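Reader: I would like to go through this model with you and ask, term by term, what each label rests on. Could you begin with the terms for accessibility?

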Amino acid sequence: WKGKWHRITWNYFSAGLRVDEEKLLYFIRIKWRGNEYKKIGITKDSAEVRFANHEYEVMETYITTERRPEAQIKEVEDIVLFSTRKHALRDNSLSEMNGGTECRTLALDESKIKLLINKVFNDIDSKWENIGADLI
């Protein structure tokens, strides 16, 4: 517990991200208004629970990560969304969807995204282990 607080940086604090709240990253295929999309996002519950009261249907779950501090999960999400930006949808109707900017085309290869997510987590784990290591 105490170690988590030592790892927080001013940027995370300024962004309103908490280190004591754990969330998970999901990569799923959803159906919304008759169209299917792949979606990357963050939740404190499973994707099925998160979208239970929405008008989308979770068609398939490709990956759900373990729970991590919100700051770590947000960093992974940002990198994955940036890396998959060429698959981002430019459909104006998605502006009505909560999380529409996280939707990607069906052409996005699930296996490559799983590898990317695992690589980013490994890199971030190394970075977080080194933060403050000489101070503690």
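Author: A residue is called buried under 20% relative accessible area and exposed over 50%, with partly exposed in between. Please keep in mind throughout that this is a predicted model.

Reader: What makes Glu36 partly exposed?

Author: Glu36 has a relative accessible area of 29%, and because partly exposed covers the range between 20% and 50%, that is the term that applies to Glu36.

Reader: Why is Arg29 counted as buried?

Author: The relative accessibility of Arg29 is 18%, and since buried means under 20%, Arg29 counts as buried.

Reader: How do you know that the side chains of Glu36 and Arg29 meet in a salt bridge?

Author: The N to O distance between the two side chains is 2.5 Å, and the term asks for a side-chain nitrogen of Lys or Arg within 4 Å of a carboxyl oxygen of Asp or Glu, so the pair of Glu36 and Arg29 qualifies as a salt bridge. Through salt bridges with shared partners, Arg29, Glu36 and Glu60 are joined into one network.

Reader: What makes the contact of Arg68 with Asp125 a salt bridge, and which terms describe the accessibility of Arg68 and of Asp125?

Author: The closest N and O atoms of Arg68 and Asp125 are 2.6 Å apart, which satisfies the limit of within 4 Å. The pair links distant parts of the chain, with Arg68 in strand 4 and Asp125 in helix 5, 57 residues apart. Arg68, with a relative accessible area of 12%, is buried, whereas Asp125, at 22% relative accessibility, counts as partly exposed, because the boundary for buried is under 20%.

Reader: How do you know that Lys74 and Asp78 form a salt bridge, and where do they lie?

Author: Their side chains meet at 2.9 Å, N to O, again satisfying the limit of within 4 Å. Lys74 and Asp78 both lie in helix 4, four residues apart, about one turn of the helix. Lys74, at 29%, and Asp78, at 37%, are each partly exposed, because that term runs between 20% and 50%.

Reader: Which residues of the largest nonpolar core touch the most other members?

Author: Of its 18 residues, those are Leu25, Phe27, Ile40, Val76, Val80, Ile113 and Ile117. Helix 5 provides the largest share of this core, six residues. Leaving aside neighbours within four places in sequence, Val80 is in contact with Ile40, Ile113, Leu116 and Ile117.

Notes. Residues are numbered from 1 along each chain as its sequence is written. This is a predicted model: local features need pLDDT of at least 70, side-chain atom pairs count only at pLDDT 80 or more; totals for chains, interfaces and linings use all residues. Side-chain values use heavy atoms; hydrogens and water are left out. A nonpolar core is a set of buried Ala, Val, Leu, Ile, Met, Phe, Trp, Tyr and Cys residues joined through side-chain atoms within 4.5 Å. Buried means under 20% relative accessible area, exposed over 50%, partly exposed in between (1.4 Å probe, protein chains only). Helices (H or I, at least four residues) and strands (E, at least two) are DSSP runs, numbered from the N terminus. Contact means heavy atoms within 4.5 Å.
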